[in-house]
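Trainee: I should like to study one part of this model closely, rather than survey everything at once. Would you please choose a single site and explain what surrounds it, and then how it fits into the rest of the chain?

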Amino acid sequence: MSTTFTIDSSTSRATPVSAPMKRVTVPAVRKRKGGEPLVMLTAYTVRTAQLFDPHCDLLLVGDSLGQVIYGLPSTVPVSLEMMAAHGAAVVRGSYHAMVVVDMPFGSYETSPEKAFESAAWLLKQTGAAGVKLEGGVAMAPTVQFLVERGIPVMGHVGLTPQAVNMLGGYGARGRTQEEAAKIIDDGQAIARAGAFSLVVEGVIEPIAIELTRSIDCPTIGIGASAQCDGQVLVAEDMLGMFERVPRFVKRYGDIAGYISERAEAYANEVRSRAFPGVEQVYQPK
């Protein structure tokens, strides 16, 4: 048995409840190679984790929280402490999906030893099952170092947001023969190093398909191909929380519009004194 958390609607607080240990495991993810596609969404809070958990195989506490939660210009300023706080919340709010936490920029590149220190701290602080890090051939020794010491690693190649300053923007990668070859080499190196899965982001479809077919671990596409072994989206993009919609995103709702309408209705009722009504105020007994 394990402890997870649920929201008590009467207090809006997370309270512990007993739940069977049925989380998706690393071996289970690996077995999905070439089978039923893996479903992954980002999550940053207890409540979103609760809502996504029954439908997802993996929940990614992405460093994209820097932009969608904190309004930062990129993922580069995100800290380990930020990732730990949100990672712990997502673990508390879920019991089925495997939770993976992004290692932020600067927390793993210096050396394999530094990466292990950061990753071990993140897993201890959050209770997550694995970490994700960006990079290809250059990061393969680090991935192997972590895996050999018991830390499951999800890789990430192609468009790597932490390297946006080097890449010169968020455009699709792999349009030149040289760049395409590098993406394939990077993905294969990370797979050989022992990553249990590999995010393939923002690459032209033929490269995503070739890479998927050439490695043993599952690929998880985002702006890649439906032939990847799974898919991931930033939840706020998928839900329609922002006006800008990247090409690779399908909006499954207009949550921003809904929230705005409800806020307007509330504001109108406050200004007209229609709220609070008799149901929302306390009277003498």
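Mentor: A polar contact is a pair of N or O atoms within 3.5 Å, and within protein one of them must be able to donate a hydrogen and the other to accept it. With that in hand, let us examine Asp-229. Please keep in mind that this is a predicted model.

Asp-229 lies in the loop between β9 and β10, the latter being residues 230-233. Is Asp-229 buried or exposed? A residue is called buried when its relative accessible area is under 20%. Asp-229 has a relative accessibility of 6%, so it counts as buried.

The side chain of this buried residue has polar partners. It makes a polar contact with the side chain of Lys-33 at 2.9 Å. It also reaches the backbone nitrogen of Gly-34 at 3.0 Å. The list of residues that Asp-229 touches, leaving aside those up to four places away in sequence, holds further names: Glu-36, Pro-37 and Leu-38, and also Thr-212, Cys-217, Pro-218 and Thr-219.

Thr-212 leads us to a neighbouring element. It is one of the buried residues of helix α9, which spans residues 205-214. The others are Ile-207, Ala-208, Ile-209 and Leu-211. An α-helix has 3.6 residues a turn, so residues three or four places apart point the same way. The cover over the buried residues of α9 includes helix α8 (177-192) and the strands β7 (153-158), β8 (197-201) and β9 (219-222). Strand β9 thus appears twice in our account, as part of that cover and as one end of the loop that holds Asp-229.

Ahead of α9 is the loop that joins β8 to it, and Ile-204 lies there. Ile-204 has 23% relative accessibility and therefore counts as partly exposed. Although 21 residues separate Ile-204 from Ser-225 in sequence, their C-alpha atoms are 8.2 Å apart in space.

The cysteines deserve a word as well. Cys-228 counts as buried, at 5% relative accessibility, and Cys-56 is buried too, at 2%. A disulfide requires a pair of cysteine sulfur atoms within 2.5 Å, and by this rule the model has zero disulfides.

How does the site compare with the chain as a whole? The protein chain contains eleven helices and ten strands. Of its 285 residues, 48% are buried. Among contacts between residues at least 6 apart in sequence, 56% join residues at least 24 apart. The contact between Asp-229 and Lys-33 is an instance of a pairing between distant parts of the sequence.

For contrast, consider the segment after α11, the helix of residues 255-271. Arg-273 is found in this segment, and with a relative accessible area of 76% it is exposed, whereas Asp-229 is buried. Arg-273 also has a positive phi of about 65°, although it is not a glycine. Pro-276 lies in the segment after α11 as well, and a cis peptide bond, with omega about 0°, joins it to Phe-275.

To summarise the chosen site, Asp-229 is a buried residue in a loop, and its side chain meets the side chain of Lys-33 and the backbone nitrogen of Gly-34.

Terms used: Residues are numbered from 1 along each chain as its sequence is written. This is a predicted model: local features need pLDDT of at least 70, side-chain atom pairs count only at pLDDT 80 or more; totals for chains, interfaces and linings use all residues. Side-chain values use heavy atoms; hydrogens and water are left out. Buried means under 20% relative accessible area, exposed over 50%, partly exposed in between (1.4 Å probe, protein chains only). Helices (H or I, at least four residues) and strands (E, at least two) are DSSP runs, numbered from the N terminus. Contact means heavy atoms within 4.5 Å.
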